[in-house]
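Biologist: I should like to learn how to read a model feature by feature. Please give me the general idea each time, and then the case at hand.

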Amino acid sequence: MKYSLRTKLTLSYIFIILLLVSLIFFFTNVVLEKYFQSYIIRQQEERNKEVVSLINQQYRDDVWNRDVIEDIGIYALENGLIVKVKDLKGNVIWDATVHNNGLCTQMLAHMAKNMESRYKNFDGRYVENSYPLYKDNLNFGVVEIGYYGPFYFNDSDLDFINSLNKVLIGIGLISVLLAVVFGTIMARRLSQPISRVIRATQIIARGDYRDRIVEESSTKEIGEMTSAINNLAETLEKQEALRKRMSLDVAHEFRTPIATLQSHLEAMIDGIWKPDAMRLKSCHEEVLRIGRMVRDIEQLAKFEGENLILNKEKVELSELIQTIVYNFESDFKNKGVELKVTGNKCIVSVDRDKISQVIVNLLSNALKCTPEGGTVEIKVAGLEKDAVIIVKDNGIGIEKEDLPYIFERFYRADRSRNRNTGGSGIGLTIAKSLVEAHRGKIEVKSEPGKGSEFTVTLPYS
C-alpha cells in the first residue's frame, strides 16, 4: 500500500513526538525515581537521627523527661516512625506500641498498601534500627526506631509521583495534537510544490513544453527541483524547435536534388530533353549530392556511437596542421583569403585521422564564412595539462542567439539554408563528437561582423 507524502510526514511527526515523550516518561520513572528512592532513604536516616538527638537531650541529672519524650514519640509516630526508648537496664521509658498499638498497626498497613500500589510484589517489611544514647561520652540508654523499609512513600510522595506522571501524559497528548497540526501544515507546504512538479512533468510527458512552475518555495531542495524542471521544459522546448527546424532542413536538402532528378528524368522520358552526356552528368551530380548527404548522416551516427574506436598514437600537432594546410592552400588562394599558421611544437596522443577531420571541418567552415580579403589563423599552444588548437577568422561571425546551437545536428546559422554556403549542418557536430571522444572539449566565441574563434582543448594522453 502506498501512502501520500502528507500522510507519511504527519505520521513521522507523531512517531517522533511519541518516542520523545516515551523516553522522557521512561527516564523520569526509572532513572529519576532511583535518585528519588535514594533521597527518601537518606531522609529516613536523617529523621531517625533527628529523633535520637531530641530524645538524647531529655536525660539530665539521671532523670528522664518523660513528657517531652512522649511528645517526641507521638510526633515521630505521625511521621511514620515507631519509637521505643530504653535505659541501660532494659527498662522501657516510652513505647509507641504501648501508647497506641492500633495506630502503629494501621500506619504500617497503610504504608504497605502505598508501596504495593506503586510497586507490585514490593519486598517491604518492618525494619527496626537501634541508636545508643550518650551523655559526656557515657552510654545511658538506647532508642529503637521502627519503620516500613527499606523505604516507603507517604501520601505526599505518591501524590507528587502521580502528578508528575499525569503532567507527562498531558504533555504527551498535547505534543501529539501539535504534531498532527504542524505535521499537516508542513506536509501541505512540502507536498503542494511537489504535486505541482508532478503535474508539470506529466504535461511535459504529453509533449507540451510551454508549462512553467512559477510557484516559489522557501525549501532549498524544492526550489532547485522546480528550477531543474523549468530548465528541462525550456531545453526540451528548444530541442523540439530545433528538431522541427532540422526536419525542414533535411527535407529541403533531399527535396532539391530529388526534384531536380525527377524533372530531368521526366523531361527525358517525355522526349522533351535528349538523354545526352550533359543531361546525364547533371543527374549524376544530383545523385552524388544525395550520396554525400547520406554519407554525412552515416558518419555522424558512427562518430556519436558509444563504440567509437580511437587508434591513438603520438602526434606532433604543428606538423599535422601544416600538412592539412598544404591541402587547403589552393582553396584559400582562389578565394583571396589569407591563411596563417602559428604555434610551437606540441605532442599529444590522439587518433590522427579523426583529429585531422576536426581541423578540416573547422578550416572549411572558416573559409566559407570569411569573405575575400579576410584572414584565417590557426594556432597551436601547449598548456600545462592540455594542448589547444585555435581556429580564428574575421568573417561574418555568428549571431548570439545561434551560438548555443551551432554544434547541433543540421543546425545552420544561415537561415537561407543554402548548401553552397551553409554545408549540411553536421560538420561541427562531427567535430564536437570526435573531440569529446578524446576527452577534450570544443568552444566558440563569435561576434557578428567581426568573426569567430573556435578553441579545441585536448589532453596530452
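Biologist: Along strand S12, which side chains point to one face and which to the other?

Modeller: In a regular strand the side chains alternate between the two faces of the sheet. Strand S12 (residues 441–447) follows this scheme: Ile442, Val444 and Ser446 point to one face and are buried, while Lys441, Glu443, Lys445 and Glu447 point to the other and are not buried. Buried means under 20% relative accessible area, exposed over 50%, and partly exposed in between, with a 1.4 Å probe and protein chains only. Strands (E, at least two residues) and helices (H or I, at least four) are DSSP runs numbered from the N terminus. Please note that this is a predicted model, in which local features need pLDDT of at least 70 and side-chain atom pairs count only at pLDDT 80 or more, whereas totals for chains, interfaces and linings use all residues. Residues are numbered from 1 along each chain as its sequence is written, and side-chain values use heavy atoms, without hydrogens and water.

Biologist: In which sense do S12 and strand S13 pair, and over how many bridges?

Modeller: S12 and S13 (residues 451–459) pair in the antiparallel sense over seven bridges; two strands count as paired if DSSP finds at least two bridges between them. Glu447 of S12 stands opposite Gly451 in S13. The hairpin has three residues between its strands, and Gly449 takes a positive phi near 85 degrees there.

Biologist: With which residue does Glu447 form a salt bridge?

Modeller: Side chains of opposite charge can pair when their charged atoms come close. Here the partner of Glu447 is Lys450, with the closest N and O atoms 3.4 Å apart. The criterion is a side-chain nitrogen of Lys or Arg within 4 Å of a carboxyl oxygen of Asp or Glu. Lys450 is exposed, with a relative accessible area of 59%, while Glu447 is partly exposed at 43%.

Biologist: How many salt bridges does a search of the whole structure find?

Modeller: The search finds nine salt bridges. One of them joins Lys86 and Glu144, with 3.4 Å from N to O. Lys86 lies in strand S3 (residues 82–87) and Glu144 in strand S6 (residues 138–149), so this pair ties together parts that are 58 residues apart in sequence. Lys86 is partly exposed at 21% relative accessibility, whereas Glu144 is buried at 12%.

Arg212 and Glu237 form another, their closest N and O atoms being 2.7 Å apart. Arg212 belongs to the loop between helix H4 (155–205) and helix H5 (220–269), and Glu237 to helix H5, so parts 25 residues apart in sequence are tied together. Both count as partly exposed, Arg212 at 24% and Glu237 at 33%.

Biologist: Where do residues other than glycine take a positive phi?

Modeller: Asp136, with phi near 55 degrees, is such a residue. Asp136 lies in the loop between strand S5 (125–135) and S6, and is exposed at 66% relative accessibility. Arg439 also has a positive phi, of about 65 degrees, without being a glycine. This residue comes just after helix H10, in the loop between H10 and S12, and is exposed at 57%. In H10 itself (residues 427–437), the buried residues include Leu428, Ile430 and Leu434.

Biologist: Into which domains is the protein chain divided?

Modeller: The bounds come from an automatic or database domain assignment. They give domain 1 (5–171), domain 2 (208–306) and domain 3 (309–459). Between the centres of domain 1 and domain 3 there are 97 Å, taken over C-alpha atoms.

Biologist: Where does UniProt place the feature "transmembrane region"?

Modeller: The unreviewed UniProt entry places it at residues 12–32 and 167–187; such positions follow the numbering used here, feature names are shortened, and annotations may be inferred rather than shown by experiment. In the model, residues 12–32 are 100% helix, with end C-alpha atoms 28 Å apart. Residues 167–187 are likewise 100% helix, with their end C-alpha atoms 29 Å apart. The entry also records "domain: HAMP" at residues 188–241, a stretch that is 74% helix and 0% strand in the model.
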